[in-house]
Amino acid sequence: MLYGGSEASDIYSAICVAATVLVPGCDRASVMLRRGDKYSTVAATDDVAQRIDEFERRLGQGPCVDAIADARPQIDKDLRGPSTWPELARAIVETTPVRGVMGFRLLIDERKAGALNLFSDTPGAFDAAAAGAASVLASFTSVTITAISRGDDVESLRNGLASNREIGQAIGLLMAMENISSDEAFDVLRRTSQEVNLKIADLARALVSSHASGKTE
């Protein structure tokens, strides 16, 4: 989904859609990025998500605004109760169906670049599992926008995703076969790639292919 688009705007939109698919309880999402000295919404699943971003920028408060400044995820499971952002909570509850919000900071080369903003229409839906899934997606989004900012084309992004997936599969195979941790499995890949003078991604691809054909040793 993320790398199916041909332009940056398509990829940002796909990230928002992915959030509603991958994060439990997420009904809407947006991506806010810095443009000059201001932040603007570059993609949103719908008008409601767009409107909440506008509320935050106007009021100067909310999970998205705070997530940009703070490394910690910003979460309010139920905006109907006492909130860290009372004015925003009141505006959202009175004018939208959204009842829970989360904001995660996005980085470009370790620089604060924006926020991934997630919204739920169900009070209390954003639990620990939802926050964990959102954190992973936010990290992946940071990698994606960094690649875009460096001018990487979509084909390069697709290749990078494929390589990362194969490395992940290879690590999983080593963990199962050798009964070792993920860190130990990655270290095996790293050391072996150096010994045989082969890139980690290529080694991982060979391992996954060998396992699929039943030739893993």
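This is a short tour of one protein chain, to be followed with the structure open in a viewer. Keep in mind throughout that the model is predicted.

Begin by selecting the whole chain and showing it as a cartoon, where you will find eight helices and five strands. If you then follow the chain from the N terminus, its elements come in the order α-β-β-α-α-β-α-β-β-α-α-α-α, so that the run opens with a helix and closes with four helices in a row.

Next, switch to a surface view of the chain, which exposes about 11,200 Å², with carbon and sulfur atoms supplying 50% of that area. Beneath the surface, buried residues make up 41% of the 217 residues in the chain. If you display contacts, counting those with a separation of 6 or more, you can keep in mind that 57% of them join residues 24 or more positions apart.

Now select C16 and show its side chain. C16 is buried, because its relative accessible area is 1%, which lies under the 20% cut-off. From there, move to C26, whose sulfur is the nearest cysteine sulfur to that of C16. C26 is buried as well, with a relative accessible area of 5%.

With both cysteines on screen, which distance separates the sulfur of C26 from the closest cysteine sulfur, in C16? The distance is 8.9 Å, which is too far for a bond, since a disulfide requires the two sulfur atoms to lie within 2.5 Å. C16 is accordingly in no disulfide, and a search of the whole structure finds zero disulfides.

Key
Residues are numbered from 1 along each chain as its sequence is written. This is a predicted model: local features need pLDDT of at least 70, side-chain atom pairs count only at pLDDT 80 or more; totals for chains, interfaces and linings use all residues. Side-chain values use heavy atoms; hydrogens and water are left out. Buried means under 20% relative accessible area, exposed over 50%, partly exposed in between (1.4 Å probe, protein chains only). Helices (H or I, at least four residues) and strands (E, at least two) are DSSP runs, numbered from the N terminus. Contact means heavy atoms within 4.5 Å. Accessible areas come from the Shrake-Rupley method with a 1.4 Å probe; for residues, only the protein chains shown count as cover.
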